[in-house]
Amino acid sequence: MIFTRKALKLLNHRLQCNRRCLQSSARGDAPTVEVQFSNGRNMTLSSGKLARFANGTAVCQMGDTAVMVTAVAKAKATPGQNFMPLVVDYRQKNAASGRIPMNFMRRELGPSEREILSARLIDRSLRPLFPKDYRNETQLVCNMLAMDAVHSPDILAINAASMALSVSDIPWHGPIGAVRVGLCDGEVLINPTRRELQSSQLDLVVSATKQNLVVMLEGKGNVVLMQDLLKAIKQGTREAQFIIHEIERLQKSYGRQKRDVDALPESEPELVQAVRSMCEMRLREIFQDAQHDKISRDTAVNEVRANVLDKVWSSYPDAEPATIGEEFNKACRSIFRELIFESNRRCDGRDYDSLRNINCQVDMYKPLHGSALFQRGQTQVFCTVSLDSQESAMKLDTLAALESGGLKAKNFMLHYEFPPYATGEVGRIGPLGRRELGHGALAERGLLPTLPHDYPFTVRLTSEVLESNGSSSMASVCGGSLALMDAGVPIIAPAAGVAIGLVTKYENEDTKHLQDYRILTDILGIEDYMGDMDMKVAGTRKGFTAIQADLKIPGIPLKVVMESLQKATDAKAKILDIMADTIREPRTYRKECWPVSETLSVEPHQRAQLIGPSGLHMKRIYLETGTTLTAADDNSFTIFAPSQAALDEAKELIDGYMLKERVPQLEFGGIYTAKITELRDTGVMVILYPSMPPALLHNSQLDQRKIAHPSALGLEVGQELQVKYFGRDPVSGFMRLSRKVLQGPALGIARSLNKAEDTS
């Protein structure tokens, strides 16, 4: 066997890398690098000690939080695979934080909402950098080794995944670096702690690759100003370069040689030219006809596809139909993108910055607390708001509460639904999908900062997509804001969202120096599919509340990001103007269906009478009126009723339970007639009014002389005596009464509380 010089060099490099890894493992240590950020915090990355059967393994640690990520890919691609099957599994284990799961099985079950969102975050950061022809099934497993209450593990998982892919033999054009960026008092915080995030105006994740190219953005903010958001993105991109540099250094010393990518079979040039020539004129005509809508455009393109497939296959009978279809897809995408650059117009006739026609409607149905229908082009969303008591808030488990900064319950929820009929398809309506979960979480982040912190109700906002042709999640933000105002929720300002697209020209995967590009405002579904970016931006007129940017190319320059955000700001202002024509501020007059909430003061000794035996009275109030009573503290209950009429009916029931237990207003220092109900060694039990629980009149307060037992004074059950009232004990709540202070000159007239007129 004869080896070329290049092959021998590569083989020698791989043997040296494997030898270093084995030597490090034999010593018990692992190749490690330490990333130092500009704020003095450190992040440690290591590889080669754990899970060595995987193609690549990395452990990322910050503080006492450590995450291990393994990367494994099949040796060969599945025949006929036309996409890159990447699977990311992210699980937060209770054992990593020293806890036991509190479900019936006492073990980790299916992935939670937080875990699914974190897995999507990792996927969107890594996918754009895989080679275009790579089709091997690849799996990344994020294993939580340890978790403290200081650092978030999702950022560590992204960086560990970047390193695992970099040191593996899996083809990947990385590495990338990811940091979390906060903003407190105008100062940018890099990888803030959980405590710092609680006071931060911004929570932004920035994933970037070499040459300061942005790969992914996702974050939420408390109405962050444009200049502050731009500053945070720039700083986060610069800090990510420190991570990239250290991963590259470790990769050069210990990384495996990348395997060759099996190039996809190329079609004959004659076949490619035949497909292009047969479809180009007709596709150009379709994509330049502004009269087409989503359905008619797709129908016209499918007719051209079927016609081209028949004619080309009759001329090239040896060609596979799938190959001809793939070439048609390539030609269709190329023609669509070329027209955007050539005509400065889009397929629906708009220029780059124009919005689709927008229609808004609120107060759709009377039984609903709040409702809105938002229509933008062929994207239609129906939003409803339901208000309920604080008891209806979603309780979070221990790990979820830890991730949310100590929040134990969510009193605002946005549930996003995307049925198959929204795109004119037949499909299964079943469990919530990952896409729906991600879109709903994005819209929820966009609206949450506009809600007041002390709102007494739990708010559930449902967003049902009835038609979809681009950016249904941002339409949910617009429709949700309208529905909240229709429900009278006192939001600080209306919010709106818009999707920004991008079409680029570049050579040899060099997206740092773009030859040309076009930024598209309010993109259609076909522009999202054919384009290179989908940036969703939500916020109020003053600033941003949520952002999410997904790319299909390996990074874009900061300049393009800044221009896209500026166009999103301009479009957002226009949308808010249109929404203001329908409803400008939260509704002030009450709807009949709106719930009401009040506070009821109850003395500690009366709680049992209100609650009833085993809660019987409260259950009856709920079953008959739908009103719930929740103990706020020792002296008050919160009453929640679905309507004012229900509250009035519930108050009647409460009055019936409490009528015989009304407590007269006792004056401090007042003299009252008390009746003895029981003699004890320590004193006598007396009542001031019939329904009063007996109170102790201690021996020390019976007489100015010292006595050992009440019988020494000749006291008997049923006897009346005069006492002076000194309020209630601040600790026990018991009445403080005295008889001996009255054994002197007359200090006042005794008042009896046994008469009907006194007890009323």
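Q: In this predicted model, which residues does S118 touch, not counting residues up to four places away in sequence?

A: Setting aside residues up to four places away in sequence, S118 touches Y90 and D154. The serine belongs to helix α2, which spans residues 113-126.

Q: Is S118 buried or exposed?

A: A residue counts as buried when its relative accessible area is under 20%. S118 has a relative accessible area of 3%, and therefore it is buried.

Q: How much of the protein chain counts as buried?

A: The figure is 50% of the 760 residues. The surface that the protein chain exposes amounts to about 36,900 Å², with carbon and sulfur atoms supplying 52% of it.

Q: How should the overall dimensions be read, and what is the radius of gyration of the protein chain?

A: The value is set beside that of a compact globule of 760 residues, which would be near 27 Å; the protein chain has 35 Å. Along the principal axes, its C-alpha atoms fill a box of roughly 120 × 70 × 45 Å.

Q: What share of the contacts with a separation of 6 or more joins residues 24 or more positions apart?

A: In the protein chain, such residues account for 70% of those contacts.

Q: How many helices and strands does the protein chain have, and what is the make-up of residues 669-740?

A: There are 17 helices and 29 strands in the protein chain. UniProt, in an unreviewed entry, places the feature "domain: S1 motif" at residues 669-740. Over that stretch the chain is 0% helix and 43% strand, and the end C-alpha atoms are 14 Å apart.

Conventions:
Residues numbered from 1 in each chain as written. Predicted model: local features only at pLDDT ≥ 70, side-chain atom pairs only at ≥ 80, totals over all residues. Heavy atoms only, no water. UniProt positions renumbered as here; feature names shortened; annotations may be inferred. Helix = DSSP H or I, 4+ residues; strand = E, 2+ residues; numbered from the N terminus. Rg over C-alpha atoms; globule rule 2.2 N^0.38 Å. Buried < 20%, exposed > 50% of the residue type's maximum accessible area, 1.4 Å probe, protein only. Contact = heavy atoms within 4.5 Å. Areas by Shrake-Rupley, 256 points an atom, 1.4 Å probe, with all protein chains shown as cover.
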